[in-house]
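Okay, thanks everyone for squeezing in. I have one structure to walk you through today, so let's put it up and go.

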Amino acid sequence: MSLDLGTHPSAWRRLLDRASAPYRSAGRFAWHFARGKLGHDPVFRHLLAAGLIPEGGRVLDIGCGQGLLTSLLRACAAMRAAGEWPQDWPAAPAATQVHGIELMPRDVERARAALGEDGDARFICGDMRTEPFPPSHAVVILDVLHYVTHAEQDAVLQRVRDALVPGGRLLLRVGDASARRGFAVSQWVDRTVTRLRGHTVAPVYGRTLNEWMAQLRRLGMHVEPRPMSQGTPFANVLLVAQRT
Ligand SMILES: C[S@@+](CC[C@H](N)C(=O)[O-])C[C@H]1O[C@@H](n2cnc3c(N)ncnc32)[C@H](O)[C@@H]1O
């Protein structure tokens, strides 16, 4: 069941202001990037509108970049504490503990500069292929798995499944390689952004939506796909996969 957060546009704007404000201390790029991504990428809004992150949950954010999800969750907690969380929105995902893993040192530095690491969040600079995954109620992987080979994707997914507590959810956004045009656009944007951020452009390893779903089902998970590129030219899908 998903609610339209647009029922309270001013509350949504306040949430975005709160979630992007910490990045002012991490530099202009970090702040503009946070505002743009949180404001325009439909996935962040959907995670809240559909109540997909449980209150008090341990959240593993793989490929966490500069920690946008952590900042959004903190902003939710702050709004609830201030009595500003609209009553007809799903419960605020307050009191979460986030464990972020990110390959790029510069992103980890920005996350730490903006958000610190004071108890409710840790940012590890490491590779998802080798970093241990702590037990988690929710694992979030947004636009990350295509950077590693299919065999490595499968190994990460197996470890994610094992890290989830029973009933825990994997929130995995992927591109659907069968939607040729949208997938090609996202690959082009991905390469351009990677280059602009000064990183080496690595090949990407895509799969069709059916292949992603089949792989998660092989791990014994219950999977539900949700289109997740509204307002963008991409072919992205959020897979909500539950460990039974
Ligand atoms: C497209 S960005 C998405 C960032 C973040 N999930 C978000 O939605 O804002 C992909 C991120 O995955 C990271 N990444 C790529 N390969 C990785 C790996 N092997 N281990 C950890 N992080 C990785 C990249 O450095 C980048 O920050």
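I'll start at the ligand, then go through the salt bridges, and finish with one long distance across the chain.

First, a caveat: what you're looking at is a predicted model. Keep that in mind for every distance I quote.

So, the ligand. Which residues sit closest to the ligand? There are 14 residues around the ligand, and the closest are K37, G63, E102, D127 and M128. If you sort that shell by class, you get six nonpolar, three polar and five charged residues.

Now for some individual atoms. On K37, a polar side-chain atom is 3.1 Å from an oxygen of the ligand. M128 comes in through its backbone instead: one of its polar backbone atoms is 2.9 Å from a ligand nitrogen. L142 also uses the backbone, with an N or O atom 3.1 Å from a nitrogen atom of the ligand. How much of the ligand does the protein bury? On its own the ligand would expose 590 Å², and the protein buries 90% of that.

Okay, on to charges. The structure has 15 salt bridges, and I'll pick out a few.

Let me begin with the network. K37, which we just met at the ligand, is linked with D41, D143 and R173 in a network of salt bridges. Let's take the members in turn.

D41 sits in the loop between helix 2, residues 28-40, and helix 3, residues 42-49. Is D41 buried or exposed? D41 has a relative accessible area of 10%, and buried means under 20%, so D41 counts as buried. Its side chain makes a polar contact with the side chain of R173, at 2.6 Å. Leaving out residues up to four places away in sequence, D41 touches G36 and R173.

R173 has another partner too: the side chains of R173 and D143 meet in a salt bridge, 2.7 Å from N to O. D143 is in the loop between strand 4 (136-142) and helix 6 (150-163), while R173 is in strand 5 (164-175), so this pair ties together parts that are 30 residues apart in sequence. The two ends are covered to different degrees: R173 is buried at 4% relative accessible area, and D143 is partly exposed at 23%.

Next, a pair away from that network. E55 forms a salt bridge with R80, and the closest N and O atoms are 2.8 Å apart. Where do the two residues sit? E55 is in the loop between helix 3 and strand 1 (58-62), and R80 is in helix 4, residues 68-81, so the pair links distant parts of the chain, 25 residues apart. Both ends are partly exposed, with E55 at 45% relative accessibility and R80 at 39%.

One more bridge, and this one takes us back to the ligand. D127, one of the closest residues there, meets R129 side chain to side chain in a salt bridge, 2.7 Å from N to O. R129 is partly exposed, with a relative accessible area of 37%.

Last thing, that long distance I promised. A21 is in the loop between helix 1 (9-20) and helix 2, and A21 is partly exposed at 39%. Along the chain, A21 and G168 are 147 residues apart, and their C-alpha atoms are separated by 30 Å.

That's my tour. If you want one spot to click on first, try K37, with its contact to the ligand and its place in the salt-bridge network.

Technical notes
Residues are numbered from 1 along each chain as its sequence is written. This is a predicted model: local features need pLDDT of at least 70, side-chain atom pairs count only at pLDDT 80 or more; totals for chains, interfaces and linings use all residues. Side-chain values use heavy atoms; hydrogens and water are left out. A residue is near a molecule or strand if one of its heavy atoms lies within 4 Å of it. A polar contact is a pair of N or O atoms within 3.5 Å; within protein, one must be able to donate a hydrogen and the other to accept it, and residues adjacent in sequence count only if both atoms are side-chain atoms. Accessible areas come from the Shrake-Rupley method with a 1.4 Å probe; for residues, only the protein chains shown count as cover. Ala, Val, Leu, Ile, Met, Phe, Trp, Tyr, Cys and Pro count as nonpolar, Asp, Glu, Lys and Arg as charged, and the others, Gly among them, as polar. Helices (H or I, at least four residues) and strands (E, at least two) are DSSP runs, numbered from the N terminus. Buried means under 20% relative accessible area, exposed over 50%, partly exposed in between (1.4 Å probe, protein chains only). Contact means heavy atoms within 4.5 Å. A salt bridge is a side-chain nitrogen of Lys or Arg within 4 Å of a carboxyl oxygen of Asp or Glu.
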